[in-house]
Amino acid sequence: MVVAVYPGSFDPATYGHLDVIKRASDAFDRIVVGVLHNSAKSPLFSVEERVKILEKATQGIHNIIVKPFEGLSVNFARENGAQVIVRGLRAVTDFEYELQMAQTNRVLAPDIDTVFMTTSLEYAYLSSTIMKEVARFGGDLSRFAPPEITSEVRRKLSMLSESEK
Ligand code: PNS
């Protein structure tokens, strides 16, 4: 039984993340999606909201569970009995950071491997940051995430003042 964790910020998840989750759920026996609670960052959604959003968006996938986590991804992997960390690679611009992170994780935990999934081409340009930027200016989000996520983005932004956006 191969368990993989997929750690990330997911603020919020996009079609790109959901594509990696779906493909990873086919490739591994169990996927534990780890939503990072990073007190140094100020995300649009709280960690609890990001977990809820992802749970809703992945309802149809039987072998996945979504959990919040703090601290190192390798510790999260160990706590969940995972042998693999999954990350998505969109473009060469992701590569340097991802390689550095994978190599650091390898030093910290030689028993855990990082597996990269190349993001499907139609989502290669996409990020949570880009989606939020378009949302702030009222653009169409339908190509970026499913309705259950885009509605949450719109709802959240409508609750914030201009300076908080
Ligand atoms: O979605 P993101 O923001 O690209 O995800 C980055 C994430 C959460 C995978 C990365 O920041 C992370 O693993 N953070 C936890 C701390 C850690 O383990 N860092 C890696 C060793 S440098």
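I take a residue as buried when its relative accessible area is under 20%, as exposed when that area is over 50%, and as partly exposed in between. I note at the outset that I am reading a predicted model.

**Entry 1: Ala109**

I applied that cut-off to Ala109, which sits in the loop between H4 and strand E5 (113–118). Its relative accessibility is 0%, so Ala109 counts as buried. I then looked for a partner in space and took Gln83, which is 26 residues away along the chain, and found the two C-alpha atoms separated by 9.9 Å.

**Entry 2: the ligand**

Which residues surround the ligand? I listed Pro7, Gly8, Ser9, Leu36, Gly71, Leu72, Ser73, Arg87, Tyr97, Met101, Thr104 and Asn105. Sorting the shell by residue type, I get five nonpolar residues, six polar and one charged.

I went on to the polar side chains that face ligand oxygen atoms. An N or O atom in the side chain of Ser9 is 2.6 Å from an oxygen atom of the ligand, and a polar side-chain atom of Ser73 also lies 2.6 Å from a ligand oxygen. For Arg87, I read 2.9 Å between a polar side-chain atom and an oxygen atom of the ligand. On its own the ligand has 550 Å² of accessible area, of which the protein covers 73%.

I checked where this space ranks, and the ligand takes up the largest pocket. Two elements, strand E1 (3–8) and helix H4 (92–108), give two or more residues to the shell. Which element gives the most to the shell? I found that H4 does, with four residues.

**Entry 3: the loop after E1**

I next examined the backbone in the loop between E1 and helix H1 (15–27), where Pro12 has its place. Most residues other than glycine have a negative phi, and most peptide bonds are trans. Against that background I noted the peptide bond joining Asp11 and Pro12, which is cis, with omega at about -10 degrees. I also noted Phe10, which is not a glycine and yet has a positive phi of about 50 degrees. Phe10 belongs to the loop between E1 and H1, and its relative accessibility is 3%, so I record Phe10 as buried.

**Entry 4: Ser127**

Is Ser127 buried or exposed? I find a relative accessible area of 15%, and Ser127 is therefore buried, since the cut-off for that class is under 20%. Ser127 lies in the loop between E5 and helix H5 (128–136). Following its side chain, I saw that Ser127 reaches the backbone nitrogen of Ile130 at 3.0 Å.

**Entry 5: Arg154 and Glu164**

I turned to Arg154, which lies in helix H6. Its relative accessibility is 36%, so I count Arg154 as partly exposed. Between Arg154 and Gly138, which are 16 residues apart in sequence, I read 8.7 Å from C-alpha to C-alpha.

Glu164 is found in the segment after helix H6 (147–159). Its relative accessible area is 53%, and Glu164 is therefore exposed, the cut-off for that class being over 50%. How far apart are the C-alpha atoms of Glu164 and Leu44? I read a separation of 9.4 Å for this pair, although their positions lie 120 residues apart along the chain.

Conventions: Residues numbered from 1 in each chain as written. Predicted model: local features only at pLDDT ≥ 70, side-chain atom pairs only at ≥ 80, totals over all residues. Heavy atoms only, no water. Near = heavy atom within 4 Å. Polar contact = N/O pair within 3.5 Å; in protein donor to acceptor, adjacent residues only side chain to side chain. Areas by Shrake-Rupley, 256 points an atom, 1.4 Å probe, with all protein chains shown as cover. 1 Å grid on protein atoms, 1.4 Å probe; cavity = no way out; pocket = protein on both sides within 12 Å on 5 of 7 lines; lining within 4 Å. Sits in = over half its atoms within 2 Å of the grid points. Nonpolar A, V, L, I, M, F, W, Y, C, P; charged D, E, K, R; others polar. Buried < 20%, exposed > 50% of the residue type's maximum accessible area, 1.4 Å probe, protein only.
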